[in-house]
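Subject: Structure for your review

Dear colleague,

Please find the sequence and structure below, as agreed. I would be grateful if you kept the structure open beside this message while reading.

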Amino acid sequence: MTGALRMPPRAVIHVFGSLRPSGMERMMVSSAQYWTEAGWRVVIVGQGPDHPYGTDLEDSGFGVLSVDEVRSVTTLARWFRLVQRVRPDVVHIHVEGMHGPIALAARLAAPRARLVRTVHSVFRFPGRIRVTRTLQTMAFTLVGGESVAPSPDVARNEREYWGFKSTVIENWVADEFQSDDAQSVRESGGDTTIAIVGNCSVIKNHAAVLRAVTDLNGVRVIHVGSESDMPEDERCLADDLDANGSLSRLGSRRDVKSILAASDVYAMPSLHEGMGVSLAEALCVGTPALISDALGFSWARDLPGVQVIPNSEWGAALPELLRDPIWLSLLREAAW
């Protein structure tokens with residue numbers, strides 16, 4: 001015998017939309033070494049032409065492929081051929097759009113593959129979209145697909161609003177946010193800094209914070225993330241705050257830990273969430289957090305250093321809280 005037999009690595013395909021530095025893609029990077037140690041070959045598939053985070057994923061050791069967005073018979077056939085070529089043991093779907101056809105084609109191309117789908121947020125689509133999504137999820141379930149929810153809120157919403165079962169597997173943060181040196185001493189004096197991390201879609205509701213600080217002196221908002229989906233009225237507001245020095249727009253950055261650790265408070269005014277990775281990161285480094293009273297936040301509401309603000313009250317509540325130095329000091333002590 002010349003040596004122990006080596007089993008070929010198992011393969012998994014992760015299906016995304018555009019590859020951006022959002023929570024799930026960053027979670028993939030933070031887990032790269034564990035996939036390798038467990039003997040998995042990982043292929044990440046991004047749909048469409050825009051993948052600003054693709055290089056980061058490749059640098060982490062993943063195979064990264066780009067395909068046309070699956071929206072027609074032609075693009076679905078290309079997806080089918082890609083699955084045949086990779087021959088995966090698992091296909092993990094991270095997108096809502098066309099998740100049913102994507103799963104059906106994957107089942108035909110790889111009959112023995114396990115199909116997994118993560119529902120990344122609390123979705124409550126109305127009208128025709130609700131019917132379409134229901135039919136897609138029924139098809140996904142019929143071909144043996146298993147659904148995962150990143151928080152109890154998402155699992156409850158899938159069960160009560162949609163009628164589908166899912167298993168809760170909570171999101172995580174990178175090891176660096178939990179290390180002994182993660183917490184930093186914040187500078188005394190100067191402006192009170194509010195950190196916001198993430199894309200600027202309507203759901204993220206960043207405008208609630210921007211409007212609330214418009215007339216406040218000594219307060220500066222730091223935004224880390226893409227502005228490509230920023231609504232026009234929010235962009236005008238951001239431009240005005242940027243011009244008077246009340247907003248720092250840092251774009252997509254890799255040093256999120258140091259920015260969070262140096263900020264006085266983190267804000268997440270989302271209209272709904274799945275389980276916000278950046279919120280968990282902020283709490284890990286000891287930065288107190290302001291969150292919405294919305295679906296997707298139940299896991300964080302009672303944690304030390306967290307203040308809940310009703311969705312409709314950011315404009316009045318945030319200035320009042322920031323003017324109270326005792327409140328901020330107590331919240332910071334609780335977070336530490």
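What follows is an account of what was found, taken one region at a time. Please bear in mind that this is a predicted model.

The seven-stranded sheet

I begin with an open sheet of seven strands, whose order is 3-2-1-4-5-6-7 and whose pairing is parallel. At its edges are strand 3 (63-67) and strand 7 (167-168), each of which pairs on one side only. Within the sheet, strand 4 (residues 90-93) is joined to strand 5 (residues 114-118) by four bridges in the parallel sense. If you wish to locate this pairing, look for Val-90, which stands opposite Arg-114 in strand 5.

One residue of the edge strand 3 is worth finding as well: Val-64. Along the chain, Val-64 and Ile-44 are 20 residues apart, yet their C-alpha atoms are separated by 4.8 Å. Leaving aside residues up to four places away in sequence, Val-64 touches Leu-19, Ile-44, Gly-54, Leu-57 and Glu-58.

Helix 6 and its neighbours

Helix 6 lies across strand 4, strand 5 and strand 6 (146-149), and runs at about 150° to strand 5. Helix 6 (residues 127-142) also meets helix 7 (residues 152-162): their axes come within 12 Å and cross at roughly 105°. Angles of 65 to 115 degrees count as roughly perpendicular, and helix 6 and helix 7 are therefore roughly perpendicular to each other. On the side of helix 6, the residues in this contact are Arg-130, Arg-133 and Thr-134, and they meet Glu-158, Tyr-161 and Trp-162 in helix 7. By class, the contact of helix 6 with helix 7 comprises two nonpolar residues, one polar residue and three charged residues.

A pocket beside the first sheet's strands

The second largest pocket has a volume of about 430 Å³. Its lining counts 22 residues, and the closest to the centre are His-92, Val-116, Thr-118, Val-148 and Ile-169. Several elements each supply at least two residues of this lining, namely strand 1 (10-15), helix 1 (23-30), strand 4, strand 5 and strand 6. The lining of this pocket has eleven nonpolar, eight polar and three charged residues.

The six-stranded sheet

A further open sheet has six strands in the order 10-9-8-11-12-13, with parallel pairing. Strand 10 (247-251) and strand 13 (306-309) stand at its edges with a single partner strand each, so one side of each has no neighbour in the sheet. On average, neighbouring strands of this sheet are turned by 25° against each other, direction ignored. Strand 12 (residues 289-292) and strand 13 run parallel and are joined by four bridges. Ile-291 has Val-308 in strand 13 as its bridge partner. Packed on this sheet is helix 11 (residues 277-284), which touches strand 8 (192-197), strand 11 (265-268), strand 12 and strand 13. The direction of helix 11 makes about 165° with that of strand 11.

The cavities

Rolling a probe the size of a water molecule over the atoms shows where empty space is left. How many cavities of 30 Å³ or more does a search of the whole structure find? The search finds two.

The largest cavity holds about 70 Å³ of space. Its lining consists of Ile-196, Cys-200, His-206, Leu-210, Val-221, His-223, Glu-227, Met-230, Glu-234, Leu-247 and Arg-249. Strand 9 (219-224) and strand 10 each contribute at least two residues to this lining. Six of the lining residues are nonpolar, two are polar and three are charged.

The second largest cavity holds about 50 Å³ of space. It is lined by Ile-196, Val-197, Lys-204, His-206, Tyr-266, Ala-267, Met-268, Pro-269 and Ser-270. Strand 8 and strand 11 each supply at least two residues of this lining. Which strand gives the largest share of the lining of the second largest cavity? That share, three residues, comes from strand 11. This lining divides into six nonpolar residues, two polar residues and one charged residue.

With kind regards,
A colleague

Notes. Residues are numbered from 1 along each chain as its sequence is written. This is a predicted model: local features need pLDDT of at least 70, side-chain atom pairs count only at pLDDT 80 or more; totals for chains, interfaces and linings use all residues. Side-chain values use heavy atoms; hydrogens and water are left out. Two strands pair if DSSP finds at least two bridges between them. Axes are lines fitted to C-alpha atoms, for helices over the stretch in contact, and angles run from 0 to 180 degrees between N-to-C directions. Contact means heavy atoms within 4.5 Å. On a 1 Å grid over the protein atoms alone, a cavity is a set of points where a 1.4 Å probe fits but cannot get out, and a pocket is an open set with protein on both sides within 12 Å along at least five of seven lines; lining residues have an atom within 4 Å of a point. Grid points are joined across faces, edges and corners, and a volume is the space filled by probe spheres set on the points. Ala, Val, Leu, Ile, Met, Phe, Trp, Tyr, Cys and Pro count as nonpolar, Asp, Glu, Lys and Arg as charged, and the others, Gly among them, as polar. Angles under 35 degrees count as roughly parallel, over 145 as roughly antiparallel, 65 to 115 as roughly perpendicular and the rest as oblique.
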